[in-house]
Structure formats: structure tokens, C-alpha cells
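Ready for some practice at reading a structure? Open the view below and work through the exercises at your own pace.

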Amino acid sequence: MLINCDLGESFGQWQMGQDDKIMPLIDMANIACGFHASDPLTLQKTLALAKQHGVAIGAHPSYPDLVGFGRRSMALESQELKAVVQYQIAAIQGMAKLQGLSVSYVKPHGALYNDMMNNPHIFESLCQAIEQFPEPLKLVIQALSNVSAFVEIAEKYQIPLLFEAFADRHYQDNGLLVPRTQPNAVINELDLIKQRCQQLKSTGRIYSVNNQPLNMNIDTLCIHGDNPSAVQMAQLIRQQLHG
């Protein structure tokens, strides 16, 4: 199972996460494109770090919400949303090409990710935006017990999907994440991360906050780079799943 992490989320003098320590431990780097975090120099440095460690590069676009770190929904018309997403993907693609790299997938950030999973029109707009790029790009979405509706839309635009689970987020019994607005949404305890990895390895399942098994196909496991325990989590997950 591949490990992915949201990285490159610093901005100017404001530093987020420990990218240099996390990058050697992961397989996929979801790199901020400037609309919720990052700046041109941060993007350049993050791409160079991914190149150094042979990590796959993904665009991590968001709503244009730098102040809110991309965690606030915005009511954008379809055409505007597609332009916003394409602008961000094009930025990281161009910067990557300068270093002999290529972007292989897209993983929306924050509120855009959540809205994509709850609104089929937004999901289809994202697929339309990605489909217009000449290079094939995969789309990362949340693994659920039933993803047939997402697969049907993605196949219409020939977009391969990667299904992810979250190492550091609690799940509701319905398979959706506990909202960040509620207590107990984020996991910081390493013993709970270890338990989740052991359950994944032995049963292939994620368990909810009420210990209900959630049946889903998982391609990749996500760590949030802004989690204070992200480096220790990455080390533990690497050891548990690949050690």
C-alpha cells in the first residue's frame, strides 16, 4: 500500500510541517499549488525534494482560499472551478518540467476534496478539468464501500482513480470522515495509528470510531503533513506496512 502526504504547504516565512523529514518515508507527495498554501520558491524546493527521494508528484489544488487554508467551501460555477483547478495543475506541471519531472496525479485539498466527495457535479467538473490535459493524470478520491457512481463518471472522461484512506483521521460508521468541526476528528496518538496499520495489514479494513469494520478497496494511505506527529506517523506506518 502506497503512502501519500500533503506537502509543500509553507508560505513565505511561515513554515508548515517537516517536509525534508517526511519525504524519504512516503511514496506520493501531494504538493500544494499556491491557492491554499505554498509560493513559487516553496513549490520549487518541494519538487526538488521529491526528485531527490524518487517520490511520485501529485498536484494538490484547492479553492482560492489562502486565508482559510483551503478548508472553506466556495460556491464556484463549473467553468470557474475548472479554470481554478487547471491553473493550479498547470503551475506545478510547468515547475516540475523545469526539473525534468512530471505530475502523475491530482488530489484536491480540504473543502474542495470534501465537496467533490459529496457533490457529483463538482466531481464531474474536476474530471472534465483533468481530462483536458494532454498528459494522463490520475485522480485520488476517498475510498468508500460503494464507489460505483464515481467510477462511472471518471470512466466517461477516461480518468483512472486511486482510492485512499486516512491514517490520521477518525471515521464515522457510514464510512465518511468525522468532520474537523467535531471533536475526535484527528488522530494524534501513535498507538492508534499502529492499531490502524495492524488492522489494515491483517484484515484489509479500516474501523470506525465505534469499532465498526468498513469495507473498502484502498490503494494508498494518507498522512496530513500539518499533523504535529506526521514524521513519527510516517516512520511508524512505513515500518508497520513495509517493514
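Two exercises follow, one on a helix and one on pockets, and the model they use is a predicted one.

**Exercise 1. Find which residues of helix 7 are buried and which are exposed, and work out how they are arranged.**

Step 1. Locate the helix: helix 7 covers residues 190-203 and reaches 20 Å from its first C-alpha to its last, close to the 20 Å expected for its 14 residues.

Step 2. Pick out the buried residues, those under 20% relative accessible area. In helix 7 they are Ile193, Arg196, Cys197, Gln199 and Leu200. These residues lie on the same side of helix 7, because they cover an arc of only 160° around the axis.

Step 3. Turn to the other side of helix 7, where Asp191, Lys201 and Ser202 are exposed.

Step 4. Look for the cover. The buried residues of helix 7 are covered by elements including strand 6 (161-166), strand 9 (220-224) and helix 8 (230-242).

Step 5. Step just past the end of helix 7: glycine 204 has a positive phi of about 75°.

**Exercise 2. Describe the largest pocket and the second largest pocket, and say which helix gives the most to each lining.**

Step 1. Begin with the largest pocket, whose volume is about 490 Å³. It is lined by 23 residues, and those closest to its centre are Gly110, Asn114, Arg169, Leu177 and Arg180.

Step 2. Helix 4 (residues 110-118) provides the largest share of this lining, 6 residues. By class, the lining has 9 nonpolar, 9 polar and 5 charged residues.

Step 3. Move on to the second largest pocket, with a volume of about 290 Å³. Among its 14 lining residues, Ser10, Gln15, Thr42, Lys45 and Thr46 are the closest to its centre.

Step 4. Here helix 2 gives the most, with 5 residues. The lining of the second largest pocket has 3 nonpolar, 7 polar and 4 charged residues.

Key. Residues are numbered from 1 along each chain as its sequence is written. This is a predicted model: local features need pLDDT of at least 70, side-chain atom pairs count only at pLDDT 80 or more; totals for chains, interfaces and linings use all residues. Side-chain values use heavy atoms; hydrogens and water are left out. Helices (H or I, at least four residues) and strands (E, at least two) are DSSP runs, numbered from the N terminus. The expected span of a helix is 1.5 Å times one less than its number of residues. Buried means under 20% relative accessible area, exposed over 50%, partly exposed in between (1.4 Å probe, protein chains only). The arc is that of the directions from the helix axis to the C-beta atoms. Contact means heavy atoms within 4.5 Å. On a 1 Å grid over the protein atoms alone, a cavity is a set of points where a 1.4 Å probe fits but cannot get out, and a pocket is an open set with protein on both sides within 12 Å along at least five of seven lines; lining residues have an atom within 4 Å of a point. Grid points are joined across faces, edges and corners, and a volume is the space filled by probe spheres set on the points. Ala, Val, Leu, Ile, Met, Phe, Trp, Tyr, Cys and Pro count as nonpolar, Asp, Glu, Lys and Arg as charged, and the others, Gly among them, as polar.
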